[in-house]
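Take a look at the model below. Keep it open while you read this short report.

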Amino acid sequence: MLTKNQINNIDNFNLSLLEEAIRQTELRLKDALLTKEDLDKKTFSLLSVYLTICTGLFGISKIPVKEIESIFFSLTFSGFCFFVGIIFLISSLRTNDYGTLGRYPDTWLQEGIIDGDDKIIGYVFANILIDYQEKIKISDESNSKKIKKIDWGLMMGILAPFGFIIILFIPHHIVTTSFL
């Protein structure tokens, strides 16, 4: 890929190619931004489910009923798994770095650019492409981090029922004397 210094040395730009390159690059950046939006929507949906389940599990474990006492460990374990999942989901929603579409007007409103010829337009377009490259890279990296955190949150939700599965294999008298 060319550097900004190498772009300075180009005498003739293919403007139609640069316009298409910008269009294609903006499509790629839009894709990364739409992926972020989709991931955030999914995370909010999971988060509302996890919060409800977690609250219910911890709430039920505090009810002083003999039958519930025997599954206290399972309720607490599952509630804790969902709580950890909530932490991962919330951390995935934290603002990461993302590229933006378009340019500030000061890119164009400069003497020598606004009144420039095709070479200046080509120069500006080429520099925009270089900037978009970095914005796309940053956006993709942020989406990858977001996906990993969501995956960990999902894994915690999948792990939660194992507290109930384990309790099936432990005799009732061990559970009530060991964990209470």
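Is Ile86 buried or exposed? Ile86 is buried, because its relative accessible area is 6%. Buried means under 20% relative accessible area, exposed means over 50%, and partly exposed lies in between (1.4 Å probe, protein chains only).

This is a predicted model: local features need pLDDT of at least 70, side-chain atom pairs count only at pLDDT 80 or more, and totals for chains, interfaces and linings use all residues. Residues are numbered from 1 along each chain as its sequence is written, and side-chain values use heavy atoms, with hydrogens and water left out.

**Helix 4**

Ile86 lies in helix 4. Helices are DSSP runs (H or I, at least four residues), numbered from the N terminus. Helix 4 covers residues 72-93, which is 22 residues. From its first C-alpha to its last, helix 4 reaches 32 Å, close to the 32 Å expected at 1.5 Å a residue. The expected span is 1.5 Å times one less than the number of residues.

Which residues does Ile86 contact, leaving aside its neighbours within four places in sequence? They are Leu47, Tyr50, Leu51 and Cys54. Contact means heavy atoms within 4.5 Å. Ser78 is also found in helix 4. The buried residues of helix 4 include Leu75, Phe82 and Leu89.

**Helix 4 against helix 5**

Helix 4 and helix 5 pack at an angle of about 170°, with their axes 8 Å apart. That makes helix 4 roughly antiparallel to helix 5. Axes here are lines fitted to C-alpha atoms, for helices over the stretch in contact, and angles run from 0 to 180 degrees between N-to-C directions. Angles over 145 degrees count as roughly antiparallel.

Among the helix 4 residues in this contact are Phe77, Cys81 and Phe88. They belong to a set that meets helix 5 residues including Lys146, Ile150 and Trp152. The residues of the contact divide into eleven nonpolar, five polar and two charged. Ala, Val, Leu, Ile, Met, Phe, Trp, Tyr, Cys and Pro count as nonpolar, Asp, Glu, Lys and Arg as charged, and the others, Gly among them, as polar.

**Two nonpolar cores**

A nonpolar core is a set of buried Ala, Val, Leu, Ile, Met, Phe, Trp, Tyr and Cys residues joined through side-chain atoms within 4.5 Å. The largest one has 15 residues. Phe13, Leu18, Ile22 and Ile128 touch the most other members. Helix 2 (15-60) and helix 5 (118-159) each supply at least two residues of this core. The largest share, eight residues, comes from helix 5.

Not counting residues up to four places away in sequence, Ile22 touches Phe125, Ile128, Leu129 and Tyr132. Apart from this core lies another, of 14 residues, among them Leu47, Tyr50, Cys54 and Met156.

**Four residues side by side**

| Residue | Relative accessible area | Class |
|---|---|---|
| Ile86 | 6% | buried |
| Ser78 | 2% | buried |
| Thr43 | 0% | buried |
| Ala21 | 23% | partly exposed |

Thr43 is found in helix 2, and so is Ala21. Not counting residues up to four places away in sequence, Thr43 touches Leu89, Ser92, Leu93 and Ile150. With that same limit, Ser78 touches Leu57, Ala160, Pro161 and Phe164.

Now compare sequence with space. Ile86 and Met156 are 70 residues apart in sequence and 8.9 Å apart in space, C-alpha to C-alpha. Ala21 and Phe125 are 104 residues apart in sequence and 8.9 Å apart in space, C-alpha to C-alpha.

Conventions: Parallel < 35°, antiparallel > 145°, perpendicular 65-115°, else oblique.
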